[in-house]
Amino acid sequence: MRITLNSELKECPDGLTIERLLDLYQIDKNRTAVELNLEVIPRKEHSKRTLKDSDVVEVVTFVGGG
Amino acid sequence: MLVAVEIEKRIEDKKLKIGKYEFTSRLFVGTGKYPSMDVMKEALDASGTEVVTVAIRRVKINDTSTLLDYIDTKKYKILPNTAGCYSAEEAIRVAHLAREMGISDMIKLEVLGDERTLLPDPVETVKATQILVKEGFTVLVYTSDDPIIARKLEDAGAMSVMPAGAPIGSGQGILNKNNIRIILESARVPVIVDAGVGTASDVTIAMELGCEGVLLNTGIAHAKDPVLMARAMKLACESGRFAFLSGRIPKRLYAKASSPEKDF
């Protein structure tokens, strides 16, 4: 299946959870927040939420700012 | 020795209260645009700040270093901003993501009007404040120095009103002291000058006017020596605060001798 991760199209195995997606791209789970199709997904649900084709995932973190 | 202790006790300031939070330092410092992360870390330390602002952005895939590697979250309260948002809807979305980071329910709400001025959009800012307050956020809100908007934001439940001294990153200082004074007259929540501060005296002026604090970033981060400037800002903030609390002498047009004028 194909998902959009931070605006980039990615080919992913079917049945991938958010947690596994973050692992796949070596993203620190404790220092990020995840949005799936514009809905914030609480961290504790990452292992349960399975992605499907055409999903749009945004993963954000803190950066320097004023 | 006892006298020294008593003097120190007497000049101890009350804490700055924002919602359920309390701070000793009245200087809030941004984490953007430093020459390096190590310089940022040293500058934050030199500033004595207890509250640091951060922005929310997409992670770079395969880049494992993060800002939080350089910020001790036990030492500093994290204040995420909604910088770069141009509507209430966008700002609320960023605030939700910021809260999901699990570090802070404080949000520095910024809803901008356009890219050239980076001035706030007052209508969208009020709208976003109302919604985020209802959702339980501790909202500190960036606004212009308009006293009426400041009041409306307070009515909407903002825990702190943060008027710009001058446009963001402009380093022009407090351009309209009169408006800041009018805001202060009726404010029931802490007023913190946010943006426009270029150098130490700008911070002092804000504090002498009676502001409860100052938030700045570029003034420190882009100084030739950010660490030294951070210390200057700390001292300026304390100086201005104490000058405000002590009650300055009125300004006079003519001289008034300090030494006795008779009995030579």
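Helix α4(B) has 13 residues and reaches 19 Å from its first C-alpha to its last. That is close to the 18 Å expected at 1.5 Å a residue. The model is predicted, so these values describe computed coordinates. In α4(B), the buried residues are B:E124, B:T125, B:V126, B:A128, B:T129 and B:L132. An α-helix has 3.6 residues a turn, so residues three or four places apart point the same way. The cover over the buried residues of α4(B) includes α3, β6, β7 and α5 (147-155) of chain B. Helix α4(B), residues 122-134, lies across β6 and β7 of chain B. Against β7(B) it runs at about 175°. Just after the helix, B:G136 takes a positive phi of about 90°.

**The sheet under α4(B)**

β6, β7 and β8 of chain B form an open sheet of three strands, in that order, with parallel pairing. The edges are β6 (106-109) and β8 (160-163) of chain B. Each has a single partner strand, so one side of each is left without a neighbour in the sheet. Neighbouring strands here are turned by 20° against each other on average, direction ignored. β7(B), residues 138-143, pairs with β8(B) over four bridges in the parallel sense. Within that pairing, B:L140 has B:S160 in β8(B) as its bridge partner.

**Core and helix α9(B)**

B:L140 also appears in the largest nonpolar core, which has 83 residues. B:L140 is among the residues with the most contacts inside this core, along with B:A91, B:L109, B:V139, B:V141, B:V214 and B:M233. Helix α3(B), residues 88-100, supplies the largest share of the core, seven residues. In soluble globular proteins, nonpolar side chains tend to be buried together.

What does B:M233 touch, not counting residues up to four places away in sequence? Its contacts are B:L27, B:S47, B:A200, B:V203, B:L216, B:G219 and B:I220. B:M233 is one of the buried residues of α9(B). The others are B:P226, B:M229, B:A230, B:A232, B:K234, B:A236, B:C237, B:G240 and B:R241. The buried residues of α9(B) pack against β3 (27-30), α2 (37-47), α7 (200-209), β10 (213-216) and α8 (218-221) of chain B.

How far apart are the end C-alpha atoms of α9(B)? They are 30 Å apart. At 1.5 Å a residue, the 21 residues of α9(B), 226-246, should span 30 Å, which agrees. B:G247, just after α9(B), takes a positive phi of about 80°.

**Strand β4(B) and its partners**

Is β4(B) largely enclosed or open? Six of its eight residues are buried, so the strand is largely enclosed by the rest of the structure. Within chain B, β4(B) pairs in the parallel sense with β3(B) over three bridges. It also pairs in the parallel sense with β5(B), residues 77-80, over four bridges. Across the chain boundary, five bridges join β4(B), residues 51-58, to β5(A), and these two strands run antiparallel.

Opposed residues in these and other pairings are listed below.

| Residue | Opposite residue | Strand of the opposite residue |
|---|---|---|
| A:T61 | B:R57 | β4(B) |
| B:F28 | B:V51 | β4(B) |
| B:V52 | B:I78 | β5(B) |
| A:R2 | A:E11 | β2(A) |
| A:L5 | A:V57 | β5(A) |

A further bridge partner in β4(B) is B:V54, which faces A:G64.

**The A-B interface**

At the interface, 21 residues of chain A are in contact with 27 residues of chain B. On the chain A side, β3 (33-36) and β5 (56-64) each supply at least two residues. β5(A) gives the most, with seven residues. By class, the chain A side has nine nonpolar, seven polar and five charged residues.

β5(A) also has a partner within chain A. Two bridges join it to β1(A), and the two strands run parallel. β1(A), residues 2-5, pairs in turn with β2(A), residues 8-11, over four bridges in the antiparallel sense. β1(A) and β2(A) form a hairpin with two residues between them. In the turn, A:N6 has a positive phi of about 45°.

Conventions:
Residues are numbered from 1 along each chain as its sequence is written. Chains are lettered from A and ligands numbered from 1 in the order in which they are written. This is a predicted model: local features need pLDDT of at least 70, side-chain atom pairs count only at pLDDT 80 or more; totals for chains, interfaces and linings use all residues. Two residues are in contact if their C-beta atoms, placed from the backbone, lie within 7 Å. Ala, Val, Leu, Ile, Met, Phe, Trp, Tyr, Cys and Pro count as nonpolar, Asp, Glu, Lys and Arg as charged, and the others, Gly among them, as polar. Two strands pair if DSSP finds at least two bridges between them. The expected span of a helix is 1.5 Å times one less than its number of residues. A residue is buried if 20 or more other C-beta atoms lie within 10 Å of its own, exposed if 12 or fewer, and partly exposed in between; C-beta atoms are placed from the backbone. A nonpolar core is a set of buried Ala, Val, Leu, Ile, Met, Phe, Trp, Tyr and Cys residues joined through C-beta atoms within 7 Å. Axes are lines fitted to C-alpha atoms, for helices over the stretch in contact, and angles run from 0 to 180 degrees between N-to-C directions.
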